[in-house]
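User: Can you walk me through this one? I have the sequence and the model open.
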Amino acid sequence: GRLRRRARARARRLRRQGLEADVVATRAVVGGGTTPDQTLVSWGVALPGGESAAAALRGAAPPVITRQEEGRIIVDLRAVFPEQDGRLAEAISGALL
């Protein structure tokens, strides 16, 4: 669907800029963690790096909040409005390049 297409577009743009970026299926938690057993299918962009990369992204303008899975950081696009995609890509490349 729409989230997957957005994830593909973001990953392509980041790869063109020199970042290793993969599209990943993920699950988003409903209710900001208040209902941890309820999730929604989502799509995101996986980037290499651990805590130092995650910290750099949190310090970006605008801040990018990620989670870590299997040695990579995941940017879940369910938490990003489509009109914010461009700024998101700029923040990621600015923080990690």
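User: Which residues of α3 are buried?
Analyst: This is a predicted model. In α3 the buried residues are Asp 85, Leu 88, Ala 89, Ala 91, Ile 92 and Ser 93.

User: And what do those pack against?
Analyst: The buried residues of α3 pack against two helices, α1 (2-16) and α2 (51-58), and against the strands β2 and β4.

User: How many residues does α3 have, and what is its reach?
Analyst: Helix α3 covers residues 85-96, which is twelve residues. From first C-alpha to last it reaches 16 Å, close to the 16 Å expected at 1.5 Å a residue.

User: Back to α2. At what angle does it pack with α3?
Analyst: About 125°, and the axes of α2 and α3 are 9 Å apart. An angle between 115 and 145 degrees counts as oblique, so α2 and α3 are oblique to each other. Their crossing is right-handed.

User: Which residues make that contact?
Analyst: From α2, Ala 53, Ala 56 and Leu 57; from α3, Ala 91, Ile 92, Ala 95 and Leu 96. Of these, Ala 91 and Ile 92 are also among the buried residues of α3.

User: Switching to strands. How does β2 pair with β4, parallel or antiparallel?
Analyst: Antiparallel, over five bridges, with β4 spanning residues 72-76. One bridge partner pair is Leu 47 with Ile 73 in β4.

User: How many bridges join β1 to β2?
Analyst: Eight, and β1 (residues 22-29) and β2 (residues 39-48) run antiparallel. Asp 22 stands opposite Ala 46 in β2.

Methods. Residues are numbered from 1 along each chain as its sequence is written. This is a predicted model: local features need pLDDT of at least 70, side-chain atom pairs count only at pLDDT 80 or more; totals for chains, interfaces and linings use all residues. Side-chain values use heavy atoms; hydrogens and water are left out. Two strands pair if DSSP finds at least two bridges between them. Helices (H or I, at least four residues) and strands (E, at least two) are DSSP runs, numbered from the N terminus. The expected span of a helix is 1.5 Å times one less than its number of residues. Buried means under 20% relative accessible area, exposed over 50%, partly exposed in between (1.4 Å probe, protein chains only). Contact means heavy atoms within 4.5 Å. Axes are lines fitted to C-alpha atoms, for helices over the stretch in contact, and angles run from 0 to 180 degrees between N-to-C directions. Angles under 35 degrees count as roughly parallel, over 145 as roughly antiparallel, 65 to 115 as roughly perpendicular and the rest as oblique. A crossing is left-handed if the near helix is turned anticlockwise from the far one by less than a right angle, and right-handed if clockwise.
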